[in-house]
Amino acid sequence: MRAPSASGLPAPAVLAVRGAALLLALVGIAHTLVHGLVEPGHALAFGVLVAAGELVRRGAGLGEREPAPLAAAGALAYALLGDSGGRPTTHGALQVVAVVVVAQALAAVPRLARGRASDADRAARRTLTAGFAAVCFQPLYATGQAERWFGDGPYFVLLPLAVLAATALCDALQAALLARSRARVEGTCAPPPYGSLLVDEVRALAGTGTAIGVTGAVMALGVAVAGLWALPVLCGPLLLTQVSARRYAAVRTTRRQTIASLARATEIAGYTRPGHARRVAALATAVGRELGLTGPQLTVLEHAALMHDIGQLSLLDPVAGGATARLPADQQRRIALLGGAVVRRTGAGPAVAAVVEQQADPYREQLPAARIVRTVNAYDDLCGECVGGPLGALEQLRLGTGHDHQPQVVEALGRVLARGGLTPAGAG
């Protein structure tokens, strides 16, 4: 996915990552051309593995963090390859980079021929990650320092595991940087803090990331003992994992699309202003990140924000402007409870329904996500009423911190708006 800036050019952080990857690729290819391809059989085997992994992926459209786990594991395995069938290898770090880059380029040809855009950011990350792992491992192996430190017994496994941990952190740093750059130039509100995005990426390593890293290390160790015959044997489990993860991602994406469609029902029926649910969801997610929510907590928050007004469909007459913030407390509670009942029938989950049901409760009795949705919803409603613009809306929220709005949430909202510029919430 590209991250164009307002001028149509990629964001500076994206340019930095791509530039570093391009420089590393050019150095690796030039070095390999000058000194020749060392151990071409191994280079071909791992190159085919990386290319095949890229070819079988269907893109990142399903919300997958790593749509080509086989390619990622293959690149890591080549970077961590020491012995092969009991004999030492001498391919070096720069040849690892060259093989990974060429394999990705060859795999991109069929996609480009079909008119599908290449994922330059993911290719750059793959190049930098494989290069980082190779630079950490290959010099230690080639100079014999790794054997002197860990010996050639079972303790040698500690070296690739340590390199994998450092490599995973390196990749998470890149992923968070690219994600923040995309949010900065494409988002509807202020970009989330870099630290929050980094925490998300690090926590994600406990899932598929760990499986990919461990598989890469096992591949390298398997080739060290059994030779290249170990590659096809070890690829099977990862392929099954990839199929399962893709199906789960497809179900999750379909559910989100269903929730977003249901949220628009109040707009189509004229109960809320156009774009209200989308604006509240985007701003609530940003505030949630500001307050330290991550992963599943943000998913619940986003879904609840999208559906927080679904209970208005039970009203005979729409509320003026769809603004429920100024309704009597008993009417707000009735709308919230009816909305929660609807959410429970959609399959969004009891956690989302609980957040919707608590919208009219005092903030001290609410879940953290409910506090955020209530405050952001009130902000958007107040902006729509033109009560002095965004600053006036924030002031109204601060006046309600004794009962309706948690002070910490209001201040977090203020920080998010200040970073993104205090523009009217109903402006898009």
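Q: Is the crossing of α11 and α15 left-handed or right-handed?
A: Happy to start here, bearing in mind that this is a predicted model. The axes of α11 (residues 276–290) and α15 (residues 368–384) come within 9 Å of each other. The handedness of their crossing is right-handed.

Q: Which residues of α15 make the contact with α11?
A: On the α11 side, the contact uses His276, Arg279, Val280, Leu283, Ala284, Val287 and Gly288. Facing them from α15 are Ile372, Val376, Asn377, Tyr379, Asp380 and Asp381.

Q: Why do α11 and α15 count as oblique to each other?
A: Their axes cross at roughly 130 degrees. Angles over 145 would count as roughly antiparallel, and 65 to 115 as roughly perpendicular. The crossing angle belongs to neither range, so the pair is classed as oblique.

Q: Which helix gives the most to the largest nonpolar core?
A: This core has 43 residues, and those touching the most other members are Phe46, Tyr78, Leu80, Phe137, Leu159 and Met219. Several helices each supply at least two residues, among them α2 (40–55), α4 (92–113) and α9 (230–263). The top contributor, with nine residues, is α3.

Q: How many residues are in the second, separate core?
A: Val280 and Ala284, which take part in the contact of α11 with α15, are also included in this core. Ala281 and Leu394 belong to it too, and its size is 41 residues.

Q: Where is Val214 found, and how does its relative accessibility class it?
A: Val214 lies in helix α8 (residues 194–226). Its relative accessibility is 41%, and buried would need under 20%. Val214 therefore counts as partly exposed.

How values were computed: Residues are numbered from 1 along each chain as its sequence is written. This is a predicted model: local features need pLDDT of at least 70, side-chain atom pairs count only at pLDDT 80 or more; totals for chains, interfaces and linings use all residues. Side-chain values use heavy atoms; hydrogens and water are left out. Axes are lines fitted to C-alpha atoms, for helices over the stretch in contact, and angles run from 0 to 180 degrees between N-to-C directions. Helices (H or I, at least four residues) and strands (E, at least two) are DSSP runs, numbered from the N terminus. Angles under 35 degrees count as roughly parallel, over 145 as roughly antiparallel, 65 to 115 as roughly perpendicular and the rest as oblique. A crossing is left-handed if the near helix is turned anticlockwise from the far one by less than a right angle, and right-handed if clockwise. Contact means heavy atoms within 4.5 Å. Buried means under 20% relative accessible area, exposed over 50%, partly exposed in between (1.4 Å probe, protein chains only). A nonpolar core is a set of buried Ala, Val, Leu, Ile, Met, Phe, Trp, Tyr and Cys residues joined through side-chain atoms within 4.5 Å.
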